[in-house]
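Please read the points below alongside the coordinates, since they are meant as a colleague's comments on two regions of the chain.

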Amino acid sequence: MIRRGEASSRGELVARTGLARSTVVQRLDLLAELGLVREDGTLPSTGGRPGARFRFAADAGVVLVADLGATHCRLAVTDLARGVLAHEERELAIDAGPGPVLTAVRTRFGALLRRAGLDSQAVVAIGLGVPGPVEFATGRPIKPPIMPGWDGVPIGPFFEDFGAPVLVDNDVNLLAIGEHAEAWPDRADLLFIKVGTGIGCGIVAGGRLHRGAQGAAGDIGHIRVAGATERCRCGNVGCLEAVAGGGAIASRLRSQGVAVEDARDVAAAVRAAEPTATAAVRDAGRSIGEVLAGTVNFFNPSVMVIGGDLALAGDDLLAGLREVVYRRSLALATRELTIVPSRLDDGLGIIGAAVLATEAVLAPERIDALAARHSALHDAADVPAIAEPAR
Ligand SMILES: [Zn+2]
């Protein structure tokens, strides 16, 4: 509540939580000793003694984040409130394999820390996004189609030197987490649909990311479009990705004489009002809408955010998509449904990774674990700080 600005004094916390004042006082003392909140002046007096105002200490530690794409990556050091302290973007081909790629990321993390005037002692968590399916509990990519050599490789051990927990997720989930935190914090149920070379969906349900039992939730790219006959790289026929993915559209347009290589080129052609490309993207929007209409009936989201390279085509993609979703979904499910393009720029994956990492570090269970260690060591001089993670 202090982080979100919902309460900043003992009195407000008592009123908002219903906890006993003594509990709130004890909890605040602990958070202050862990360096996570600090007193910051007093609130205007309402009669009695003026109450202390508390603020979240976003500088109590930093997180290292990386968003790895097919051919390039973004890296950053952020504070615990997603404030970027240092960042860079560079070419890095994911198909070079886990050894070369993760060694490069580790080296650049060190350089970014130095640029921010910090050392690895300050690092409390590491968050990484990769362009493929991830078994979240173990941080291993599982049969990632565009990541040869990565299948089943645990990513965490590459970053052992930093002595901090490592969280790995697929890129679409990070986009969903980032968009939700930055643009729609008050909407509990959100779908982020990434339409790039492939098509995927990140699901925020009840305010939390929904990964499913194995981490495969949201893989809408391989849902069948009715009547479609295109063969998909997964071996099935008529998958949404084979019909409406940026890669599929680009190759269809090439066969019709339009010079496009990938999803970005297709979007650029639409923005330049190339008629064949525009018609193809509108059709793609309708096919995506058909699949999304089913997810709307099933999941009843309040926001659907459309991002990815093909979304750069703008209104032509959204028009076809909206048309079908509103026509094919139940009236109750669409009454308050918002369908919008992503509000954020290319840095969204980094924001999502920072949210993933900081939420893990600041999770109640982790604070409780630190608290238990803290009380066990209470009389010792060695009081654990948040920047020295419990193992
Ligand atoms: Zn498929």
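The points that follow concern a predicted model and take up a metal site and then a helix.

1. The zinc ion has as its protein donors ND1 of His 222 together with the SG atoms of Cys 232, Cys 234 and Cys 239, and these lie 2.0 to 2.3 Å from the metal. Along the chain, the donors follow the spacing H-x9-C-x1-C-x4-C.

2. His 222 and Cys 234 both lie in the loop between β12 (208-209) and α5 (240-244), so this pair ties together parts that are twelve residues apart in sequence.

3. The angles subtended by the four donor atoms around the zinc ion run from 105 to 118 degrees, which makes the arrangement tetrahedral, given that the criterion asks for all angles to lie between 85 and 135 degrees. For reference, the ideal angle for four tetrahedral donors is 109.5 degrees.

4. As for accessibility at the site, His 222 has a relative value of 27% and therefore counts as partly exposed, and Cys 234, at 40%, likewise counts as partly exposed, the class that runs between the 20% and 50% limits.

5. In helix α7, which spans residues 263-271, the buried residues are Ala 263, Val 266, Ala 267, Ala 269 and Val 270. They cover an arc of only 160 degrees around the axis, and therefore sit on the same side of α7.

6. The buried residues of α7 pack against three helices, namely α6 (246-255), α8 (275-299) and α9 (315-328). Just after α7, Ala 273 adopts a positive phi of about 65 degrees.

How values were computed. Residues numbered from 1 in each chain as written. Predicted model: local features only at pLDDT ≥ 70, side-chain atom pairs only at ≥ 80, totals over all residues. Heavy atoms only, no water. Buried < 20%, exposed > 50% of the residue type's maximum accessible area, 1.4 Å probe, protein only. Helix = DSSP H or I, 4+ residues; strand = E, 2+ residues; numbered from the N terminus. Arc of directions from axis to C-beta. Contact = heavy atoms within 4.5 Å. Donors = N, O, S within 2.8 Å, 3.2 Å for Na, K, Ca; no water. Tetrahedral: all angles 85-135°; square planar, octahedral: opposite > 155°, others 65-115°.
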